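Please look through the sequence and the structure shown here before reading the notes that come after them. The notes go from the single chain to the way the chains meet.

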There are 2 protein chains.
Amino acid sequence: MKLHAMLKKDSAVALVSGGMDSCVTTAVANEKFSLALLHINYGQRTEKRELKAFTDIASYYGVPEERRLVANLDYFSKIGGSSLTDKKIDIPNLIVGACFKPAPTHNEIPTTYVPFRNAQFLSIAVSWAEVIGAEAVFIGAVEQDSPGYPDCRQVFYDAFNKLVEVGTKPETHIKVVTPLIGMSKTEIVKKGISVNAPLHLTWSCYKNNDVACGKCHSCVLRLTAFSDAGVKDTIPYLL
Amino acid sequence: MKLHAMLKKDSAVALVSGGMDSCVTTAVANEKFSLALLHINYGQRTEKRELKAFTDIASYYGVPEERRLVANLDYFSKIGGSSLTDKKIDIPNLIVGACFKPAPTHNEIPTTYVPFRNAQFLSIAVSWAEVIGAEAVFIGAVEQDSPGYPDCRQVFYDAFNKLVEVGTKPETHIKVVTPLIGMSKTEIVKKGISVNAPLHLTWSCYKNNDVACGKCHSCVLRLTAFSDAGVKDTIPYLL
């Protein structure tokens, strides 16, 4: 609160997974708000590399330690039902940012799906936002990444904003903002460039931790988006 | 899923803190549903004793291990702003069950308040409910415990149910149920007796872990409620 009072701009909490979407979302938030960055470890396979990307992005924006929050959730693997946290289940496709890649056939539910995951993440973000007096919560949800997916649609965020309205103190006016919700991956790269997002610090590969494989579904999507946007992706690739 | 299919009754997830309200709520849920019990550790001062109460209640109802979920959240103390998780802040009053006792003057916000806490707990419960195919989530929220408190009012649970409706798969119909929301503490004791809730296994004292002090705000409230209901409280008291 004291810190917030000293800051010139209003504050916003941005959820930063370490992927491209959350990085661009953070860059958009940074244009109008003083940043507070939230990262969530929930036993996902690439947890360590994603945490490094989060730290790098936070440092890039000069976010002080007290405005960074890393939450550790141990229960996702206990809840199970997702290849994302259960190593016994194969990953056919993967998460980037706040939503899920579609399965090869769009009617299938990918095994990476964790029901109501974004409600959990947003609830933590709103709780922190209320404590530090932030005005907004930014999340890099992308509807196109997961057609039909309940927690990646605008209607879900509208309902969440109503919950925030009745579930927080009357004097607060926290809004959940989804600046990328209607964009394609290529549009996200272009947007990232236009707002100087540090895309070189993000990580998308789900196989490697040091040099991206360039072959996995996520790498291919990313490389295609950069190529379509006419921009060079400067992270290291094996290929 | 397999387990659920074998059960005769529909399943419900009940949030069990180990206090009286959540115990009675569990007993109400048990009348119509097959129980799955969720307990959340979030660095609260009486964490260990509450966990024991959870385990005792789960055993009383014969809930198998795979239908018990203990979630550990480490970030509450990092978010701070609450005497509940920050030992530097005094506790003037305390939590029982899912909501907060009023401060001595009802207009004050008690330091135990953790913004949007119930949204976080419910999100975990709904996520688990979707994975195990449960039909309902039971929470022992009591409006009277916390007049004006955002996340203990019926309007909050109505908004949460709308979020669940749009945020879970179309084929699911999970409802959040608050059977005690309008009750007084005395009515809760009476209800507990009528549904055979194992109140002797619950814990309310926030000072002691073995023998209740009988003097703290929570003990006094509990003893008064039992006395008004004309029922003997059989947990051990110092007095």
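What follows is a briefing on the fold of one chain, its first strand, its nonpolar core and its partner chain.

The structure is a predicted model, and the description begins with chain A, which has eight helices and seven strands. Of the 239 residues of this chain, 51% count as buried. Among the contacts in chain A with a separation of 6 or more, 69% are made by residues that are 24 or more positions apart.

**Strand 1 and its neighbours**

- Four of the five residues of strand 1 of chain A, which covers residues 11-15, are buried, so this strand is largely enclosed by the rest of the structure.
- Strand 1 of chain A pairs with strand 2 (residues 34-41) of chain A in the parallel sense, over five bridges, and within this pairing A:Ala12 stands opposite A:Leu35.
- Between these two strands the chain passes through helix 2 (residues 20-32) of chain A, and the resulting β-α-β crossover is right-handed.
- Strand 1 of chain A also pairs in the parallel sense with strand 6 (residues 136-138) of chain A, over three bridges, and here A:Val13 stands opposite A:Val137.

**The nonpolar core**

- The largest nonpolar core has 138 residues, and those that touch the most other members are A:Leu38, A:Ala125, A:Val137, B:Leu38, B:Ala125 and B:Val137.
- If neighbours within four places in sequence are left aside, A:Leu38 is in contact with residues including A:Val13, A:Leu15 and A:Val16, as well as with A:Leu69, A:Ala71, A:Ile124, A:Ala125 and A:Trp128.

**Where chain A meets chain B**

- In the interface, 35 residues of chain A are in contact with 35 residues of chain B.
- On the side of chain A that touches chain B, at least two residues each come from strand 3 (68-72), helix 4 (76-79), helix 5 (117-132) and helix 6 (154-167) of chain A, and helix 5 gives the most, with ten residues.
- Sorted by class, this side of chain A has 20 nonpolar, eight polar and seven charged residues.

**How the two copies are related**

- A turn of 180 degrees, with a shift of 0.0 Å along the axis, lays chain A on chain B with an RMSD of 0.0 Å, and the two copies are therefore related as by a two-fold rotation axis.
- Because 100% of the interface residues of chain A are also interface residues in chain B, the copies meet through the same surface.

How values were computed. Residues are numbered from 1 along each chain as its sequence is written. Chains are lettered from A and ligands numbered from 1 in the order in which they are written. This is a predicted model: local features need pLDDT of at least 70, side-chain atom pairs count only at pLDDT 80 or more; totals for chains, interfaces and linings use all residues. A residue is buried if 20 or more other C-beta atoms lie within 10 Å of its own, exposed if 12 or fewer, and partly exposed in between; C-beta atoms are placed from the backbone. Two residues are in contact if their C-beta atoms, placed from the backbone, lie within 7 Å. Ala, Val, Leu, Ile, Met, Phe, Trp, Tyr, Cys and Pro count as nonpolar, Asp, Glu, Lys and Arg as charged, and the others, Gly among them, as polar. Copies are superposed by least squares on the C-alpha atoms of residues with pLDDT of at least 70 in both. A nonpolar core is a set of buried Ala, Val, Leu, Ile, Met, Phe, Trp, Tyr and Cys residues joined through C-beta atoms within 7 Å. Two strands pair if DSSP finds at least two bridges between them. A crossover is right-handed if, with the strands pointing away from the viewer, the path from the first strand over the helix to the second runs clockwise.
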